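User: Hey, could you walk me through the packing and the charged pairs in this one?

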Amino acid sequence: MTLDTVPIVHMAHGGWLQGRHDRGVAVFRGVPYARAPQEALRFAPPEPAAAWTGLRDATAFAPVAPQWPRGGGENARMLGGADCLALNVWTPEPRAAANLPVMVWIPGGGFMRGGASDPLYDGTSFAQKGIVLVSLQYRLGVDGFMHFGSEAPANRGLLDILAALRWVREHIGAFGGDPDRVTVFGESAGAGAIACLMGMDAAQGLFHRAILQSPSVACQTVAEADGVRHAVAQCLGVPPTLRGLGDAPLAEVLFAVHRLAEDEALRDRHGISRRNMFPLRPVIDGQVLAQAPLAALHRRWATPQRTPLQVLVGSNAEEMRLYHVPNGAIDRITQDDVTAFMRDTGLPPAARQAYAALPACQGGAHAGEMLCAMQADYYYRVPARRIAALAVAHRLPVHLYELEWRSPQCGGQLGAAHGMDLPFVFGNLDTSTGRELTGQAPAQSLADAMHGAWADFATQGDPGWPEHGPATPWMQFFDDLNWCGPAPFSPAMKAWDGVL
């Protein structure tokens, strides 16, 4: 509905939302799907947002979940606020019964930072293609993923995402969306969250297609999660309990987690395995997450009564260069660092030879290149291939891709790094983050190709290249040419068999 050029939506509970028009689509920002997780609700499961009467303004984003800024030092200021459990909707037709396809974006950020209000994630281009685009936020860090045993439910951030998807199921029809044509998509931690959701009974029926970009599926055991809780508490000088950490000044808690994420030596001193790059992850607690994501997917997809699902999954060719190139760390990495990573992940010693044979590793002489390649495979590339292989094994339609376009940033050394897909997928090259990743003159044709493929998959289940299968292992390669061919065999990636 439009009143004097202002888009208005009537909610199922009786209230109204007022958004605004932007470049030919209607946008509703900061729509609450759950109550603010503060005071008694801070570590509780999400509770539905209170209904309202009359007209509610939806023209401003909600604050991001509390977090320490990326790269921020001790004197930086925390970002965000408690009233963060909100979502945003871009729609070409804000009216009931339009029955448009829906895409729901779950942002990444290592389960400790990020938010849906980044201009990089603006959904206008998708809405201009006839899609209702939803972006959501969830609790992060200690509030969302710290494991407190019996003191609080585990994986509260995942519970938030489930609550948001239930909101979409109930309300998206008022915005013109079809609740039976929902595609969830996410990158990094966002894709890892989707991998968790796909195997959870509670998520079944809430989405029908899934796009996983650089899925980070490494979760923590309860013992690992308890170790992280004790490490954060020791950094703060408080008891490792819900009360001890909950009563500590929030900014100090956020900075302690930030320090653990940034300082590998500090993680080593606290006995935190190099298996997980970021200190807080989803926890295999036996209730919210009954199994690790890949095992849960195997169980779920082997069930004859499973909900049919279409999958698009892939990664970037040089993921870890984002973390090791801009700060110069790639030149400080030693063979001891490589050995420690292999030890903590269980990668067999023979794998070193396979990685040494890679062209970038210069016969094994460059430890930084070797660790980059190992970590890229462990954290992102191998999980993407495993998800595709599981889908094929259980006869689910799956499309596989890899981004190989190399950024000119950092003197041409940034390459096809982690997150490089984001400005192309959203078609938002001309944003500060987009320019930071791709430079001043990125390939518009690549953005057209990736953005169009994602939209086509959400609309009709076909991104434009053949399905990945046992006899036809097709993979789409996104670079200056954008071509499709068989997924290449990699002895280095094969080394992870039986490990990941």
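Here is a short run of questions and answers on the core and the salt bridges.

Analyst: Heads up: this is a predicted model, where local features need pLDDT of at least 70, side-chain atom pairs count only at pLDDT 80 or more, and totals for chains, interfaces and linings use all residues. Residues are numbered from 1 along each chain as its sequence is written, and side-chain values use heavy atoms, with hydrogens and water left out.

User: Which helix gives the most to the largest nonpolar core?

Analyst: A nonpolar core here is a set of buried Ala, Val, Leu, Ile, Met, Phe, Trp, Tyr and Cys residues joined through side-chain atoms within 4.5 Å; buried means under 20% relative accessible area, exposed over 50%, partly exposed in between (1.4 Å probe, protein chains only). The largest one has 128 residues, and Ile-387 is among those with the most contacts inside it. Helices are DSSP runs (H or I, at least four residues), numbered from the N terminus. The top contributor, with 17 residues, is helix α13 (residues 367-393).

User: How many residues apart in sequence are the parts that Asp-497 and Arg-386 tie together?

Analyst: Their side chains meet in a salt bridge at 3.0 Å, N to O (a side-chain nitrogen of Lys or Arg within 4 Å of a carboxyl oxygen of Asp or Glu). Asp-497 lies in the segment after α17 (491-494) and Arg-386 in helix α13, so the separation is 111 residues.

User: Is Arg-229 buried or exposed?

Analyst: Arg-229 forms a salt bridge with Asp-226 (2.8 Å, N to O). Asp-226 is partly exposed at 24%. Arg-229 has 11% relative accessibility, so it counts as buried.

Note on methods
Helices (H or I, at least four residues) and strands (E, at least two) are DSSP runs, numbered from the N terminus.
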